[in-house]
Amino acid sequence: MDFHTNPSSLSLILFTTLVIFVHAKTDSDITNLVYRGCAEQKFPNPSEVYTQNLNTLLSSLVSRSSQETFNTTTSGDEQTSITGLYQCRGDLTTPECYTCVSKIPDLAYKLCSKAVAARVQLSGCYLKYEVIGFSQVPETELLYKICGSTQVTGAAVFEQRRNTAFNMVTNGVKNSVELFYTGTYEHVYILGECEGDIASGNCGDCVKTATERAKNECDDSISAQIYLNKCFISYSYYPNGVPNPNSSLQHTQKTVAMAVGIVAAVGFVLVLLLFVRSVTKKKRTVY
């Protein structure tokens, strides 16, 4: 194979590849699909009006996610309007929120084509919409659950620690302006969050319901995620201690540093080979 690439172009290609590699690892942490819920009913005819309203709605929500982590809006006239909202996890920055929310419209079209109501939940955010008049779902309706496959040994100690962590998150969300709480207690990592338009008292009630559902649905699982209509909780139990939150970052930094070194080394060798080849061609031309 004959290469006709100058050293500067090659460096640009290598740099671009490295940037894509780094960002791909970062984005995937918050944009993994958790679940989707789609109404069975489709847009009534003429569906083009509803489709246009949905396009406008989703574009508006994605745009706003670059400025705030929660927003709700409506698109269309009174008879064909569609209302929707997005919510990003409370520990995300607005750039991360935008990265997450911007992935959802394509998924909504692909997974819930022309459904009158839909909800797409990613690891770091969710977005939902519904046409006017669609039946409302109770705030504490169970939408989805994930129970860890491993059951805890020494259940009595675990249950006492988890109950305390559950009380912490219930009180924590009520006292948080962002309706978001995360913390640890005796090797239990707990996180809870409510939808941004719910009252703080209702938020506490919703999260408390979610903790009860976690006990009933997941028993003594070492971890669980419970998604209700207006709130969400997750917990993980680490019998040997909660991992240092910086450890994953340090590991990532080491991985990236190794990748940089490898790419730089390969780039240097390729540039050197191209330079030698160029000089050789020039000598042959002279003779």
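This report describes the nonpolar cores, a surface patch and the disulfides of the structure, which is a predicted model.

**Nonpolar cores**

The largest nonpolar core holds 29 residues, and among these F43, V101 and Y129 touch the most other members. Two or more residues of this core come from each of the helices α2 (47-64), α3 (94-101) and α4 (104-111) and from each of the strands β3 (82-88), β4 (117-122) and β5 (125-131), with α2 giving the most, namely 6 residues. The surroundings of Y129 can be given in detail: leaving aside residues up to four places away in sequence, Y129 touches F43, L54, L57, I82, T83, G84, C112, A115, V116, A117 and A118. Another core, of 24 residues, lies apart from the largest one, and its members include C206, C218, I226 and Y235.

**A nonpolar patch on the surface**

At the surface, V137, L143, Y144 and I146 form a nonpolar patch whose members together have about 270 Å² of accessible area. Within this patch, V137 belongs to the loop between β5 and β6 (142-147), and V137 is classed as partly exposed because its relative accessible area is 37%, a value that falls between the limits of 20% for buried and 50% for exposed.

**Disulfides**

A disulfide is a covalent bond between the sulfur atoms of two cysteines. The model contains 6 disulfides, and when the bonded cysteines are counted along the chain their pairing follows the pattern 1-5, 2-3, 4-6, 7-11, 8-9, 10-12. Three of these links are set out below, each with its sulfur-to-sulfur distance and the torsion about its S-S bond.

| Disulfide | S to S distance | S-S torsion | Handedness |
|---|---|---|---|
| C88 and C97 | 2.0 Å | 80° | right-handed |
| C100 and C125 | 2.1 Å | about -95° | left-handed |
| C194 and C203 | 2.0 Å | 90° | right-handed |

The link of C100 and C125 runs from helix α3 to strand β5, so the pair ties together parts that are 25 residues apart in sequence. C100 counts as buried because its relative accessibility is 0%, and C125, at 1%, likewise counts as buried.

The cysteines of the other two tabulated links can be described in a similar way. C88 is buried, with a relative accessibility of 1%, and its partner C97 is buried at 0%. In the link of C194 and C203, C194 has a relative accessible area of 1% and is therefore buried, while C203 is buried with a relative accessible area of 0%.

Terms used: Residues numbered from 1 in each chain as written. Predicted model: local features only at pLDDT ≥ 70, side-chain atom pairs only at ≥ 80, totals over all residues. Heavy atoms only, no water. Core = buried A, V, L, I, M, F, W, Y, C linked by side-chain atoms within 4.5 Å. Buried < 20%, exposed > 50% of the residue type's maximum accessible area, 1.4 Å probe, protein only. Helix = DSSP H or I, 4+ residues; strand = E, 2+ residues; numbered from the N terminus. Contact = heavy atoms within 4.5 Å. Patch = residues over 30% accessible without salt bridge, like charges linked within 9 Å, V, L, I, M, F, W, Y side chains within 5 Å. Areas by Shrake-Rupley, 256 points an atom, 1.4 Å probe, with all protein chains shown as cover. Salt bridge = Lys/Arg side-chain N within 4 Å of Asp/Glu carboxyl O. Disulfide = S-S within 2.5 Å.
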